[in-house]
Amino acid sequence: MYVIGKREFISLFKGIKSIMIIVIFIVTAYYSAKFSNLFMSMMELTAREGEHIHTFGLLALLLLFGQLFVMGLSHDSINRETHERTIRFLVTRTSRTSIIFGKFFGIWLFWLICLTISFLITSIFAQKIDIVIFSQTMSLLTYYIALTILLSVLISKPGITMFLGIVIGLAFPIFGLWVSSTSNVWVSWMKFIIPYYYLFENDYTYWLIILLAGIMLVIANIIFKRREY
Amino acid sequence: MNAIETKQLKKSYGEVPIVKGIDLIVEQGEIFGFLGRNGAGKSTFINMLTDIIQPSSGAYTLLGVKSPNDQVKKRIGVMPDYSTFYGSLTAMEHLKFLSALSGKPVAKARCMEVLQLVGLESHAHKKTEKFSFGMKKKLGIAQAIVHEPELIFLDEPTSGVDAESVIHIHKLLIQLHKSGKTIFMTSHNLDEVEKICTRIAIMQEGQIVKIGTMDELRNFYRSTITVKIKHSPVPKSEQVKLQQWLESVGTDLEMKDPYVTINVDNEKKIADMIRAFNQCNIDIFRVEVEEPSLEEIFLDE
């Protein structure tokens, strides 16, 4: 698992897409923190919201484009291997569970580092790091990564996951935020399987997001184990 | 201990059976050749043993361990039939990554040693996207042996490789065999199998139709041996006696000086004939024995 994770982690840092996303993260973190006072004057915020205004830009970026970024970089983490049959080198050497969780671990570590750097930048202005907000944000990214891996296992063609990555990446936050606030009984139940609902609570319910991510990974693993290459 | 043991291993896709219940034992230290036409089920069988696909029914053990087993995977090396590599990695990076994945990370020196064995030392730092088909085959073998596995699966190791490299690979396989490794290989190349394999199985329509050493297969497919003897002139006094005796030991006798051609049913009769010629004061210059080649056996079958 560690070897697969390490390779996935290193390969994520290569290529122009990764560099662009890292730059977007850092620039957003820096300027949103720098101009946080401007947001304060433009919006009516509660005391707690005001306290965390420095991370506002970063959170907005992740809520709106997080899924798009994660899928943009990792939509083919599994299906590229199956499509090109390099997966045969992996399944003949290690367990399929190690492959799924190794891939997850590598991608997760990449985003953990990106997020940590971004929070360190905001901390220059805020003079502190809020561990709960950091954990909530990381739980959201964990969900995005697990969903990306699940789709990459379910769909065998990288071209389709690339297309779906854009569609889901753009539609997911809009749909997610809508079902989290709607009273329509036909769709409101879906808020429980989408992460945004749990993020609105200022407590430790974000752990449920990690639980949802875990369930998606277990499903991905079960499907991956049944597949033939 | 058996390196491979399968019991009624079957694979079907829907209603179509591909492998129809194979019972096979490969002992440690063998180079086992698996021979069959395209679509006979060779690759499906090897893919089941290496956990690339799952059997529909039946069981198998590798190195004495009920498989598929993740621990035993560390002790085997596999070259799949269709090898595409990570285009952005070099040959050296592949060997380092894949050996680490097998739980036996190797140093650069060992990678170079293995690349040298397959004749890729000058391409160690070249990205595999620039590799030719033959070079990918060689890297396929290199990655299968880099972590020094006890059991090596090679699916068509020499197909698409130039003649010089084929000789190189044969030498390497013989060298691995001498060092105690068990090799299970499939091939279309009959000469190759005949030359290097200690035992052979012929697969047809998902079943093993014949298995054994080359000698056993020959004995099975041809019960008579054609012997051609070149000799000095037969003394007139011995001609009748010799002809009568030869007719009693074999069939299809043909005597045309300086040659005698005859079919016998076992090798001992060749020795008897040589003794008989000597007793008649006839010198023997040459003895040629014609046996069925694997090609003939394969085509007959």
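**Note on the predicted model: chains A and B**

1. In this predicted model, residues 162–180 of chain A are 100% helix and 0% strand, and the C-alpha atoms at the two ends of the span lie 26 Å apart. The unreviewed UniProt entry lists residues 162–180 of chain A under "transmembrane region".

2. Residues 131–155 of chain A also appear under "transmembrane region" in that UniProt entry. For residues 131–155, the model gives 96% helix and 0% strand, with 36 Å between the end C-alpha atoms. The other spans in the entry are residues 12–33, 53–73, 104–125 and 204–224 of chain A.

3. Helix α2 of chain A covers residues 16–34, and A:Val27 is placed in it. Is A:Val27 buried or partly exposed? A:Val27 counts as partly exposed because its relative accessibility is 39%, and partly exposed covers values between 20% and 50%.

4. A:Val27 is one of the residues that make a nonpolar surface patch of about 750 Å². The others in the patch are A:Ile16, A:Ile19, A:Met20, A:Val23, A:Tyr30, A:Tyr31 and A:Phe35.

5. In chain B, helix α3 runs over residues 108–118 and contains B:Arg110. B:Arg110 has a relative accessibility of 16%, so it counts as buried; the cut-off for buried is under 20%.

6. Which residues does B:Arg110 contact, leaving aside its neighbours within four places in sequence? They are B:Ile145, B:Val146 and B:Glu148. With B:Ile145, a polar atom of the B:Arg110 side chain lies 3.2 Å from the backbone oxygen.

Notes. Residues are numbered from 1 along each chain as its sequence is written. Chains are lettered from A and ligands numbered from 1 in the order in which they are written. This is a predicted model: local features need pLDDT of at least 70, side-chain atom pairs count only at pLDDT 80 or more; totals for chains, interfaces and linings use all residues. Side-chain values use heavy atoms; hydrogens and water are left out. Patches are made of residues with over 30% relative accessible area and no salt bridge: like charges are joined within 9 Å, nonpolar side chains (Val, Leu, Ile, Met, Phe, Trp, Tyr) within 5 Å. Accessible areas come from the Shrake-Rupley method with a 1.4 Å probe; for residues, only the protein chains shown count as cover. A salt bridge is a side-chain nitrogen of Lys or Arg within 4 Å of a carboxyl oxygen of Asp or Glu. Helices (H or I, at least four residues) and strands (E, at least two) are DSSP runs, numbered from the N terminus. Buried means under 20% relative accessible area, exposed over 50%, partly exposed in between (1.4 Å probe, protein chains only). UniProt positions are given in the numbering used here, feature names are shortened, and annotations may be inferred rather than shown by experiment. A polar contact is a pair of N or O atoms within 3.5 Å; within protein, one must be able to donate a hydrogen and the other to accept it, and residues adjacent in sequence count only if both atoms are side-chain atoms. Contact means heavy atoms within 4.5 Å.
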